[in-house]
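The following exercises are intended for work with the sequence and the three-dimensional structure side by side. Each task is followed by a solution in steps.

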Amino acid sequence: MSLSDAEIQSLIEQSFEAKKFSYSPYSKFPVGAALLCQDGTVVTGCNVENAAYAPAVCAERCAYTKAISVGQKEFKAIAISSNLDDFIAPCGVCRQTMVEFSEDIDVYMTKPDGTYKMMKITELLPHSFRPSRLLQ
(Lines give C-alpha, C1' and ligand atoms only; values in the text may rest on other atoms or scores of the structure.)
Protein backbone atom coordinates (compact mmCIF):
# COMPACT_ATOMS: atom_id res chain seq x y z
CA MET A 1 0.00 0.00 0.00
CA SER A 2 2.83 2.35 -0.90
CA LEU A 3 2.13 5.98 -1.67
CA SER A 4 3.58 7.82 -4.65
CA ASP A 5 6.16 10.55 -4.06
CA ALA A 6 3.50 13.16 -4.91
CA GLU A 7 1.04 11.67 -2.39
CA ILE A 8 3.72 11.64 0.31
CA GLN A 9 4.71 15.26 -0.39
CA SER A 10 1.07 16.38 -0.35
CA LEU A 11 0.45 14.62 2.97
CA ILE A 12 3.58 16.17 4.49
CA GLU A 13 2.63 19.65 3.24
CA GLN A 14 -0.83 19.27 4.76
CA SER A 15 0.70 18.31 8.11
CA PHE A 16 2.87 21.46 7.94
CA GLU A 17 -0.26 23.54 7.27
CA ALA A 18 -2.10 21.92 10.19
CA LYS A 19 0.81 22.77 12.50
CA LYS A 20 0.03 26.46 11.97
CA PHE A 21 -3.23 26.01 13.92
CA SER A 22 -1.55 24.46 16.96
CA TYR A 23 -2.57 25.82 20.35
CA SER A 24 0.65 25.29 22.30
CA PRO A 25 1.21 28.32 24.55
CA TYR A 26 2.77 26.26 27.36
CA SER A 27 5.20 23.95 25.59
CA LYS A 28 5.79 26.19 22.54
CA PHE A 29 5.93 22.88 20.64
CA PRO A 30 3.49 23.03 17.70
CA VAL A 31 2.68 19.74 15.98
CA GLY A 32 0.57 19.05 12.90
CA ALA A 33 -0.75 15.82 11.45
CA ALA A 34 -2.37 14.82 8.17
CA LEU A 35 -4.21 11.50 8.12
CA LEU A 36 -4.88 9.81 4.77
CA CYS A 37 -8.10 7.80 4.83
CA GLN A 38 -8.60 4.69 2.73
CA ASP A 39 -10.99 6.57 0.39
CA GLY A 40 -8.39 9.29 -0.30
CA THR A 41 -9.80 11.89 2.09
CA VAL A 42 -7.17 13.71 4.16
CA VAL A 43 -8.08 14.85 7.68
CA THR A 44 -5.72 17.18 9.52
CA GLY A 45 -5.16 17.88 13.19
CA CYS A 46 -2.95 19.91 15.49
CA ASN A 47 -2.00 19.69 19.12
CA VAL A 48 -4.27 21.50 21.57
CA GLU A 49 -2.80 22.16 25.00
CA ASN A 50 -4.54 22.93 28.24
CA ALA A 51 -3.30 24.66 31.40
CA ALA A 52 -4.10 21.48 33.33
CA TYR A 53 -1.81 19.54 30.93
CA ALA A 54 -3.63 16.17 31.17
CA PRO A 55 -6.54 17.23 28.91
CA ALA A 56 -4.13 18.17 26.10
CA VAL A 57 -4.66 16.46 22.73
CA CYS A 58 -1.84 15.50 20.38
CA ALA A 59 -2.09 16.39 16.70
CA GLU A 60 -2.33 12.75 15.65
CA ARG A 61 -5.22 11.97 18.00
CA CYS A 62 -6.90 15.21 16.95
CA ALA A 63 -6.82 14.05 13.31
CA TYR A 64 -8.09 10.59 14.23
CA THR A 65 -10.91 12.01 16.34
CA LYS A 66 -11.97 14.35 13.54
CA ALA A 67 -11.88 11.53 10.98
CA ILE A 68 -13.77 9.06 13.13
CA SER A 69 -16.40 11.65 14.03
CA VAL A 70 -17.32 11.96 10.33
CA GLY A 71 -17.44 8.21 9.72
CA GLN A 72 -13.88 7.42 8.59
CA LYS A 73 -12.40 4.30 10.17
CA GLU A 74 -9.90 2.99 7.60
CA PHE A 75 -6.56 4.74 7.13
CA LYS A 76 -3.54 4.41 4.81
CA ALA A 77 -0.94 6.83 6.17
CA ILE A 78 -0.24 9.71 8.51
CA ALA A 79 2.36 12.48 8.28
CA ILE A 80 3.52 14.30 11.41
CA SER A 81 5.38 17.61 11.52
CA SER A 82 6.97 19.82 14.15
CA ASN A 83 9.74 22.38 14.48
CA LEU A 84 12.27 19.85 15.84
CA ASP A 85 15.56 19.58 14.00
CA ASP A 86 15.10 15.80 14.09
CA PHE A 87 12.30 13.54 12.86
CA ILE A 88 9.15 13.93 14.98
CA ALA A 89 7.86 10.60 16.32
CA PRO A 90 4.38 9.98 17.72
CA CYS A 91 4.01 9.52 21.48
CA GLY A 92 2.94 6.17 22.93
CA VAL A 93 -0.72 7.11 23.29
CA CYS A 94 -0.85 8.22 19.64
CA ARG A 95 0.85 5.00 18.54
CA GLN A 96 -1.79 3.00 20.36
CA THR A 97 -4.54 5.08 18.71
CA MET A 98 -3.02 4.43 15.28
CA VAL A 99 -2.79 0.67 15.74
CA GLU A 100 -6.41 0.57 16.94
CA PHE A 101 -7.57 1.48 13.44
CA SER A 102 -4.81 0.08 11.23
CA GLU A 103 -2.14 -2.43 12.05
CA ASP A 104 -0.39 -1.59 8.77
CA ILE A 105 -0.46 2.24 8.57
CA ASP A 106 2.57 4.09 7.21
CA VAL A 107 3.82 6.77 9.60
CA TYR A 108 5.77 9.62 7.95
CA MET A 109 7.88 11.44 10.54
CA THR A 110 9.20 14.73 9.17
CA LYS A 111 11.77 17.44 9.77
CA PRO A 112 11.07 21.15 9.13
CA ASP A 113 12.96 20.95 5.82
CA GLY A 114 10.44 18.42 4.51
CA THR A 115 12.64 15.35 4.68
CA TYR A 116 10.96 12.33 6.20
CA LYS A 117 11.42 8.87 7.60
CA MET A 118 8.67 6.28 7.12
CA MET A 119 7.98 3.43 9.51
CA LYS A 120 5.07 1.04 9.85
CA ILE A 121 3.08 1.44 13.05
CA THR A 122 4.00 -2.14 14.01
CA GLU A 123 7.66 -1.11 13.95
CA LEU A 124 6.93 1.83 16.24
CA LEU A 125 4.71 -0.21 18.57
CA PRO A 126 5.60 -3.89 18.10
CA HIS A 127 3.85 -5.42 21.11
CA SER A 128 0.66 -3.40 21.28
CA PHE A 129 -2.83 -4.17 22.44
CA ARG A 130 -4.20 -4.79 18.95
CA PRO A 131 -7.83 -5.41 18.11
CA SER A 132 -6.79 -8.56 16.21
CA ARG A 133 -5.25 -9.97 19.38
CA LEU A 134 -8.08 -8.98 21.70
CA LEU A 135 -11.09 -9.83 19.53
CA GLN A 136 -10.41 -13.52 19.06
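The exercises below concern a predicted model, and they treat its cores, a helix, salt bridges, a strand residue and a pocket in turn.

**Exercise 1. Describe the largest nonpolar core and state which elements supply it.**

Solution. Begin with the extent of the core: it has 22 residues. Next, locate the residues with the most contacts inside it, which are Leu35, Ile78, Met98, Ile105 and Val107. Then assign the core to secondary structure: β1 (32-37), α2, β3, α3, β4 and α4 each supply at least two of its residues. The largest share, four residues, comes from α2. Finally, separate this core from a second one of ten residues, which includes Leu3, Phe16, Ala34 and Ala77. As background, nonpolar side chains tend to be buried together in soluble globular proteins.

**Exercise 2. List the contacts of Val107, leaving aside neighbours within four places in sequence.**

Solution. Work along the chain. Before Val107 in the numbering, the partners are Ile78, Ile80, Pro90 and Met98. After Val107, they are Lys117, Met118, Met119, Ile121 and Leu124. Two of these partners, Ile78 and Met98, are also named among the residues with the most contacts inside the largest core.

**Exercise 3. Identify the buried residues of helix α3 and what covers them.**

Solution. Helix α3 spans residues 92-101, and within this helix Cys94, Arg95, Thr97, Met98 and Val99 are buried. The cover over these residues includes the helices α2 (59-69), α4 (121-124) and α5 (131-134). It also includes the strands β3 (75-81) and β4 (106-110).

**Exercise 4. Find the salt bridges and determine which of them share partners.**

Solution. The whole structure contains three salt bridges.

1. Lys20 pairs with Glu17, with the closest N and O atoms 2.7 Å apart. Lys20 is exposed, at a relative accessible area of 60%, while Glu17 is partly exposed at 42%.
2. Lys120 pairs with Asp104, with the closest N and O atoms 3.5 Å apart. Lys120 belongs to strand β5 (residues 116-120) and Asp104 to the loop between α3 and β4, so this pair ties together parts 16 residues apart in sequence. Both count as partly exposed, Lys120 at 22% relative accessibility and Asp104 at 36%.
3. Asp106 pairs with Lys120, with the closest N and O atoms 2.6 Å apart. This pair links strand β4 to strand β5 across 14 residues. Asp106 has a relative accessible area of 2%; because this is under 20%, Asp106 is classed as buried.

The shared partners join Asp104, Asp106 and Lys120 into one network.

**Exercise 5. Is Thr110 buried or exposed, and which residues does Thr110 contact?**

Solution. First, place the residue: Thr110 lies in strand β4. Its relative accessible area is 0%, so Thr110 is buried. Beyond neighbours within four places in sequence, Thr110 contacts Ile12, Phe16, Ile80, Ser81, Ser82, Asp86, Phe87, Ile88, Thr115 and Tyr116. For a distance along the chain, take Val99, eleven residues from Thr110: their C-alpha atoms are separated by 20 Å.

**Exercise 6. Characterise the largest pocket by its volume and its lining.**

Solution. The space in this pocket is about 260 Å³. Its lining consists of 17 residues, and those nearest the centre are Phe29, Val31, Asn47, Val57 and Cys58. By residue class, the lining divides into twelve nonpolar, two polar and three charged residues.

Technical notes. Residues numbered from 1 in each chain as written. Predicted model: local features only at pLDDT ≥ 70, side-chain atom pairs only at ≥ 80, totals over all residues. Heavy atoms only, no water. 1 Å grid on protein atoms, 1.4 Å probe; cavity = no way out; pocket = protein on both sides within 12 Å on 5 of 7 lines; lining within 4 Å. Points joined across faces, edges and corners; volume = space filled by probe spheres on them. Nonpolar A, V, L, I, M, F, W, Y, C, P; charged D, E, K, R; others polar. Buried < 20%, exposed > 50% of the residue type's maximum accessible area, 1.4 Å probe, protein only. Contact = heavy atoms within 4.5 Å. Core = buried A, V, L, I, M, F, W, Y, C linked by side-chain atoms within 4.5 Å. Salt bridge = Lys/Arg side-chain N within 4 Å of Asp/Glu carboxyl O.
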